[in-house]
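Me: I should like a close look at a single part of this model, treated in one connected account.

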Amino acid sequence: QSVAVLGAPFSRGQKRGGVEHGPKAIRDAGLLERLSGLDYAVHDFGDLSFHHVEKDEPYMDVKFPRTVGAANKTLSGAVSRAVGAGHTLVMLGGDHSLAIGSVAGHAQQCPDLCLIWVDAHADINTPMSSPSGNLHGQPVAFMLKELQDKMPDIPGFSWTKPFLSSRDLVYIGLRDVDPGEYQILKDLNIQYFTMRDIDRLGIQRVMEVSLDHLLSRKQRPIHLSFDVDAFDPSLAPATGTPVNGGLTYREGIYITEEIHNTGLLSVMDLVEVNPMLGATRQAVEATASLAVDVIASSLGQTREA
Ligand SMILES: N[C@](CCCC[B-](O)(O)O)(CCN1CCCCC1)C(=O)O
Ligand SMILES: [Mn+2]
Ligand SMILES: [Mn+2]
Ligand SMILES: [Mn+2]
């Protein structure tokens, strides 16, 4: 089994500088060493380089559409090649707009993939419903076939088309969903577990139902898109959109242990670590170290042995 690590130093899906330094912060927290300690061959693909598109004016209030679109087109090619070469891939963000390229590239190789989205936010705004115009709040809307009649042709995104059915997606950790997003979740009958659901059911039941929902009919590759802001801000302060009342360390690790135990994890994203947003160096290091723990646990590090 071989693991590839790919950095995507990108920030234009949102407004706060620094998230482009996320890949370096996670590497500096010892990611490669930790993965080498697990029984994988580890390949470091380094960081992609992205180019800013000139005169990238907003389109329907969407910010930097051409720059974000171009970055994700590049990323999707790199992800597709890595999966095609047989690697389990870890994509380090960068903001969550990068999931547009990461999941699309994965779907090119694995069209029957299912998606587990761990996040305080649903990231399913359309350009029309977005309160901010920031594309890191919209990636899932670009993937869903059921939304394509609601999606305008945004400049920079002509390279991609929706590939995911709403039944092939589960959310875990939601606690800050916009009205337009909530309407979409309900209309498309998308399976989601909020932090309240986790309080009521417990994380063991949430994972049991989530994995049953996605895998009981058919075992297929899993794409895990993990936004570090799913965790409580006390654990992951260095991130752009923190929301109180998030996952505990143990809940986050239980999620990733259960995903590892399926044996079906194929690509994971770890996004929204922003080393410039920690109040202290310790806060930055705690956030980056947590990201390493999440990735290592997704790839088989256990609390047992
Ligand atoms: N839903 C928000 C936040 C998106 C976060 C993206 B992620 O998950 O990748 O970090 C807007 C959230 N909300 C807007 C009104 C005021 C409170 C925050 C948006 O801008 O779409
Ligand atoms: Mn997100
Ligand atoms: Mn989020
Ligand atoms: Mn965020």
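How much space lies in the largest pocket, and which residues line it closest to its centre?

Reply: The model is a predicted one, and every value below was computed from it. The largest pocket holds about 280 Å³ of space. Its lining comprises 21 residues, and those closest to the centre of the pocket are His121, Ser132, His136, Gly137 and Thr241. By character, the lining residues divide into nine charged, eleven polar and one nonpolar.

Two of these central residues, His121 and Thr241, also appear among the metal donors. His121 gives its ND1 atom to the manganese ion (ligand 3). The other protein donors of that ion are OD atoms of Asp119, Asp227 and Asp229, with Asp229 listed twice, and the donors lie 2.1 to 2.5 Å from the metal. Along the sequence, the donor residues of this ion follow the spacing D-x1-H-x105-D-x1-D. The site thereby joins distant parts of the chain: His121 belongs to the loop between β4 (114-118) and β5 (169-174), whereas Asp227 is in strand β7, 106 residues apart from it. Both His121 and Asp227 are buried.

Asp119 has a further role in the arrangement of the metals. This residue bridges the manganese ion (ligand 3) and the manganese ion (ligand 2), and the two ions lie 3.3 Å apart.

Thr241, for its part, leads to the manganese ion (ligand 4). The protein donors of this ion are Thr241, through OG1, and Asp229, through OD, at 2.4 to 2.5 Å. Both residues sit in the loop between β7 (222-227) and α8 (249-262), twelve residues apart. Their accessibility can be set side by side. Asp229 has a relative accessible area of 1% and therefore counts as buried, since the limit is under 20%. Thr241 is partly exposed because its relative accessibility of 27% lies between the limits of 20% and 50%. The manganese ion (ligand 4) is separated from the manganese ion (ligand 2) by 5.1 Å.

The second largest pocket offers a point of reference. Its volume is about 230 Å³, and its lining includes Ala141, Phe142, Met151, Pro152, Ile154 and Phe157. Seven nonpolar, three polar and two charged residues make up that lining; for the largest pocket, the corresponding division is one nonpolar, eleven polar and nine charged. Asp153 and Lys161 are among the residues that line the second largest pocket.

Terms used. Residues are numbered from 1 along each chain as its sequence is written. Chains are lettered from A and ligands numbered from 1 in the order in which they are written. This is a predicted model: local features need pLDDT of at least 70, side-chain atom pairs count only at pLDDT 80 or more; totals for chains, interfaces and linings use all residues. Side-chain values use heavy atoms; hydrogens and water are left out. On a 1 Å grid over the protein atoms alone, a cavity is a set of points where a 1.4 Å probe fits but cannot get out, and a pocket is an open set with protein on both sides within 12 Å along at least five of seven lines; lining residues have an atom within 4 Å of a point. Grid points are joined across faces, edges and corners, and a volume is the space filled by probe spheres set on the points. Ala, Val, Leu, Ile, Met, Phe, Trp, Tyr, Cys and Pro count as nonpolar, Asp, Glu, Lys and Arg as charged, and the others, Gly among them, as polar. Donors are N, O and S atoms within 2.8 Å of the metal (3.2 Å for Na, K and Ca); water is not among the atoms, so sites may look incomplete. Helices (H or I, at least four residues) and strands (E, at least two) are DSSP runs, numbered from the N terminus. Buried means under 20% relative accessible area, exposed over 50%, partly exposed in between (1.4 Å probe, protein chains only).
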